[in-house]
Amino acid sequence: MKYHWIDGKWHKPKRERIPVIDPATEEILDYVLRGTAEDADAAVQAARKAFRHWRWEPAIEKAQRLHRIAAELRARQKALATLMTREGGKPWCENRDEVEWVAACFQYYAEVGRNSRGNSIPPVFRHQINFTIKEPYGVVVGILPWNYPLLLMVWKVAPALIAGNTVILKPSEETPLSLLSLADIFARHLPPGVLNIVTGYGEEIGEALVTHPGTDLIALTGSVETGKRVGQLCAAQIKKFHAELGGNDPFIVCEDADLDIAVRGCAWAAYLNTGQVCTGAKRIYVFDSIADEFTRRIVKFTRSLRLGNGLAPRTDLGPMINLRQLEDVHARVEEAVRDGARVLCGGRRSPKFKKGFFYEPTVMVNVHHGMRLVDTETFGPILPIMRVRDIDHAIELANDSRYGLGANLYTNNLEWAMKAAEQITAGTFWINDPLTDNDAGPFGGMRQTGHCRELGEEGLDEFRETKHVHLDYRQEIKPYWYPYRRYNRLSAG
Ligand code: NAD
């Protein structure tokens with residue numbers, strides 16, 4: 001049984017328990033608390049108290065703490081990856097990489113965060129000095145999804161902490177264990193209350209944190225539907241809302257693409273984490289002239305991929321996170337088939353496994369806009385191929401979406417690449433290298449994906465508020481003060 005981590009210790013109120021299930025075996029791994037509003041309040045009190053001191057600790061000292069956390073994460077990389085695979089299902093090597101990215105992100109913000117605290121601005125008169133100070137908001141609430149439970153934690157925690165905020169994290173009820181397992185590392189390197197972890201359901205403890213008057217910024221990574229609900233609650237309080245929501249990314253393959261590479265790149269972008277990636281390739285647009293060959297090759301390649309427990313070294317795709325998610329994806333596939341789509345491989349829960357939520361990687365054709373499978377985010381290993389006449393047609397279809405997270409393109413044609421990069425509405429545009437993140441490059445989405453950014457300097461500014469300071473180093477009576485008769489006389493000459 002695991003408890004809340006509040007004020008640097010385990011907080012053990014009597015509450016109902018939520019089981020955490022291994023999606024590959026359906027075994028119960030452990031239980032966490034079903035947190036309540038009272039637990040939210042305890043975390044807020046601790047975070048508010050810690051904020052009084054934490055905000056003033058020099059950034060250089062905070063940076064050293066983040067570096068030490070990064071080193072401990074690396075030392076624990078293998079064990080953590082195993083726990084992440086057991087609770088989330090991703091293949092072990094994907095989780096091992098995730099732990100490395102988490103450590104690297106702590107280090108990135110340790111460095112960036114001690115470099116700047118605002119700007120100097122040219123004054124409008126002599127003997128005046130104008131500058132900005134970037135200040136922390138106060139208590140930041142991080143509400144996390146299950147697909148990258150630690151990566152999407154650090155994209156919030158590292159910039160929020162280095163900026164001087166204190167943090168309360170609410171992991172997904174599906175994957176709380178890996179985050180809770182870091183409590184001892186946080187305890188060694190952060191003062192009590194600076195980082196707190198509470199568990200439970202979004203509608204319960206999640207909303208209690210969002211609506212608590214003692215929280216100042218809500219940073220959510222989740223679905224568009226959750227974003228709308230949390231956004232409304234924040235708007236009612238004029239509370240800062242940082243939203244990183246769903247995606248439905250296009251992936252364009254032009255006729256000059258090297259198909260050996262584009263097929264592998266596309267399969268990886270669509271099936272990574274069993275298709276449960278916000279920036280996964282979810283709509284594949286292939287130039288007419290190469291569509292048949294591309295389809296033939298990607299079906300062959302898809303059939304060669306190995307589905308299995310993420311802990312097995314030869315597994316390419318693990319299970320889906322839960323039965324509800326698997327059934328949702330399958331219902332979309334069936335609906336599309338009823339509307340004329342064809343499944344070329346996959347399209348079903350794998351019959352090879354007695355336990356676990358395994359869905360076969362699936363290539364589909366005869367799909368089109370207007371199908372739920374294509375128009376909304378289908379969070380599973382589905383690769384729907386649509387034919388396009390040329391780059392303009394591909395851009396038009398790519399933009400026919402309410403999401404705007406990422407977009408991918410394979411070509412060496414500079415004009416097509418730049419046209420698509422400029423005209424497609426997306427927060428990240430990848431040319432010939434799908435889904436690669438860079439800690440220094442901003443990540444986030446346009447349209448209903450949320451208009452916010454994580455990573456890069458932009459990702460630090462999301463957790464800092466700007467104060468403008470105006471200083472006159474000479475005390476003097478200004479000519480435009482009362483009484484106005486004097487001012488009017490001056491201007492009348
Ligand atoms: P989800 O929206 O169901 O849940 C996300 C988190 O929000 C969970 O911790 C959940 O408990 C909490 N939550 C739910 N309702 C809430 C409420 N009313 N108040 C407060 N908290 C609430 O999403 P998920 O299924 O965990 O994750 C998958 C989704 O996340 C997909 O849509 C995916 O695209 C998106 N995602 C986006 C990004 C990005 O960076 N844009 C990254 C990863 C995942």
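Me: Domain bounds come from an automatic or database domain assignment. Which stretches does that assignment give as domain 1 and domain 2 here?

Reply: This is a predicted model, and its assignment gives domain 1 as 4-245 + 463-470 and domain 2 as 249-431. The centres of the two domains, taken over C-alpha atoms, are 31 Å apart.

Me: What makes residues of domain 1 and domain 2 count as being in contact, and how many do?

Reply: Contact needs heavy atoms within 4.5 Å. On that rule, 23 residues of domain 1 touch 27 residues of domain 2. About 1900 Å² is buried between the domains, with carbon and sulfur atoms giving 58% of that area. The rule for salt bridges also finds three of them across this interface.

Me: Why is the pair R349 and E26 called a salt bridge?

Reply: The cut-off is 4 Å between a side-chain nitrogen of Lys or Arg and a carboxyl oxygen of Asp or Glu. R349 and E26 are 3.9 Å apart, N to O, so the pair is within the limit. In general, side chains of opposite charge can pair when their charged atoms come close.

Me: And how do you know that R86 and D22 pair up?

Reply: By the same kind of check: their closest N and O atoms are 3.9 Å apart, and the limit is 4 Å, so they form a salt bridge. This pair links distant parts of the chain, with R86 in helix α3 and D22 in the loop between β3 (17-21) and β4 (28-33), 64 residues apart. The structure holds 40 salt bridges.

Me: What makes a space a cavity rather than a pocket, and how many of 30 Å³ or more are there?

Reply: In a cavity a 1.4 Å probe fits but cannot get out. The structure holds four of 30 Å³ or more, and the largest has a volume of about 70 Å³. Its lining includes M84, E87, W146 and N273. Helix α3 (residues 77-88) gives the largest share of that lining, three residues. By class, the lining has three nonpolar, six polar and two charged residues.

Me: What makes N273 stand out in its backbone?

Reply: Most residues other than glycine have a negative phi. N273 is not a glycine, yet its phi is positive, about 50°. N273 sits in the loop between α10 (259-271) and β13 (281-287).

Me: Which kind of peptide bond joins Y482 and P483?

Reply: A cis one, with omega at about 0°. Most peptide bonds are trans. P483 is found in the loop between β21 (464-472) and α17 (484-492).

How values were computed. Residues numbered from 1 in each chain as written. Predicted model: local features only at pLDDT ≥ 70, side-chain atom pairs only at ≥ 80, totals over all residues. Heavy atoms only, no water. 1 Å grid on protein atoms, 1.4 Å probe; cavity = no way out; pocket = protein on both sides within 12 Å on 5 of 7 lines; lining within 4 Å. Points joined across faces, edges and corners; volume = space filled by probe spheres on them. Helix = DSSP H or I, 4+ residues; strand = E, 2+ residues; numbered from the N terminus. Nonpolar A, V, L, I, M, F, W, Y, C, P; charged D, E, K, R; others polar. Buried area = accessible area lost by both parts, 1.4 Å probe.
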